[in-house]
Amino acid sequence: MRNTRYKTHEIAKQAGVSPASVSRAINHPELLSGESLEKIRATMQTMGYDVNEIFQTDSKEIILINCPQGTNPFYEEVLDGVISSAECNGYYTLLNYTELDENNIEDFLKMLQIAKIKGLIALSQLSVEILNKINSLVPVVQCCEFNDRSSLPYVSIDDYMAAKNAVKYLIAAGRRKIAFLNGPRHYKYARERLRGFMDALTEEHIAVPDEWIMHVPQIDYQMADTLISRVLSDDHKPDAVFAASDVLAAAVVNRAVYSDLKVPEDLMVIGFDNISLCQIVRPALTSVNQPKHKLGYTACEMLHEKLKGKTLKVNEVLLSTELVLRGSTEHQ
């Protein structure tokens with residue numbers, strides 16, 4: 001069994017291809033053209049990887065990862081965690097970005113059979129019906145997002161308490177005009193972070209205008225900038241913003257600076273996920289840290305146990321978060 005570690009997104013960036021293509025090249029090369037495969041191999045060799053070891057032919061079972069949005073950088077470390085565990089346990093991994101619903105689930109199930117997929121890690125928010133259909137073919141473990149009406153195993157965080165604690169920090173810092181920039185409402189994380197936001201305010205008898213609670217249809221910088229620019233251009237503006245993603249929070253910080261607002265003096269900003277972007281934004285971004293690599297790694301370890309026919313000791317895993325303080329809330 002090989003124990004080779006590699007960073008899928010770093011290789012993809014160097015090779016000028018998608019992370020999914022790198023995963024296919026390593027784990028399922030027959031799905032790529034010869035030209036693409038050779039390009040990825042050459043890039044990995046240049047980066048110092050032992051391509052002879054990585055690309056040696058052996059029989060491995062395939063794990064599929066269903067991911068909701070390929071452009072959200074939060075998933076990079078989660079996927080690396082999954083792949084690290086898969087490599088240790090001798091599995092191939094494939095990435096899939098299909099947004100599953102009743103219109104395409106039957107085609108998806110056929111694909112699972114044709115590709116001989118042995119198990120699925122679901123990072124997407126899926127209905128109980130779809131989860132059950134997939135689980136009738138292959139074992140499923142939910143990761144990050146999970147359906148609380150399903151009995152299938154999951155690993156995630158307590159989004160409610162993480163959000164509530166972040167907003168309480170802003171309140172303790174003297175901020176009472178707090179806006180919330182949230183993700184799509186159909187995701188569990190968005191609903192729970194909104195609930196934590198509202199409860200933190202309610203407990204301190206703080207009310208905010210409805211227009212200060214904003215939802216973007218996807219985690220996208222430009223969409224966030226459009227929404228927050230309207231709020232920050234009003235005479236009555238917030239003195240703090242809690243964002244459900246660091247990408248959204250980065251848009252807030254940059255728009256504030258563009259609007260001649262000082263961060264954190266005029267506007268405190270807290271993001272969520274603690275991705276590398278936090279230290280690129282100026283001032284650096286305070287953020288709720290998720291154990292991203294551990295989320296992916298733990299989910300794959302749980303799936304491995306199921307594939308080996310073992311009973312999981314714990315069916316529901318919630319990992320701890322912490323608020324990492326930086327310049328967007330602290331004077332430095």
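**Exercise 1. Two helices**

Work out how α1 and α3 are oriented relative to each other in this predicted model: roughly parallel, roughly antiparallel, roughly perpendicular or oblique?

*Solution.* Start with the elements: α1 covers residues 8-15 and α3 covers residues 34-46. Next, take the geometry of the pair: the packing angle is about 110°, and the axes lie 9 Å apart. Now apply the cut-off, under which angles of 65 to 115 degrees count as roughly perpendicular. The two helices α1 and α3 are therefore roughly perpendicular to each other. As for handedness, α1 passes α3 in a right-handed crossing.

**Exercise 2. The helix contact**

Find which residues make the contact between α1 and α3, then sort them by class.

*Solution.* From α1, pick out Ile11, Gln14 and Ala15. From α3, add Lys39, Ile40, Thr43 and Met44. Sorting by class gives four nonpolar, two polar and one charged residues.

**Exercise 3. The sheet**

Give the strand order of the open sheet, and explain why one side of β2 and of β11 is left without a neighbour.

*Solution.* Walk across the six strands: the order is β2-β1-β3-β4-β5-β11, with parallel pairing. β2 (91-96) and β11 (316-319) stand at the edges with a single partner strand each, so one side of each has no neighbour in the sheet. From one strand to the next, the twist averages 20°.

**Exercise 4. One strand pair**

Describe how β1 pairs with β2, and name the bridge partner of asparagine 66.

*Solution.* Strand β1 spans residues 61-66 and pairs with β2 in the parallel sense, over six bridges. For asparagine 66, the bridge partner in β2 is asparagine 96.

Note on methods. Residues are numbered from 1 along each chain as its sequence is written. This is a predicted model: local features need pLDDT of at least 70, side-chain atom pairs count only at pLDDT 80 or more; totals for chains, interfaces and linings use all residues. Side-chain values use heavy atoms; hydrogens and water are left out. Two strands pair if DSSP finds at least two bridges between them. Helices (H or I, at least four residues) and strands (E, at least two) are DSSP runs, numbered from the N terminus. Axes are lines fitted to C-alpha atoms, for helices over the stretch in contact, and angles run from 0 to 180 degrees between N-to-C directions. Angles under 35 degrees count as roughly parallel, over 145 as roughly antiparallel, 65 to 115 as roughly perpendicular and the rest as oblique. A crossing is left-handed if the near helix is turned anticlockwise from the far one by less than a right angle, and right-handed if clockwise. Contact means heavy atoms within 4.5 Å. Ala, Val, Leu, Ile, Met, Phe, Trp, Tyr, Cys and Pro count as nonpolar, Asp, Glu, Lys and Arg as charged, and the others, Gly among them, as polar.
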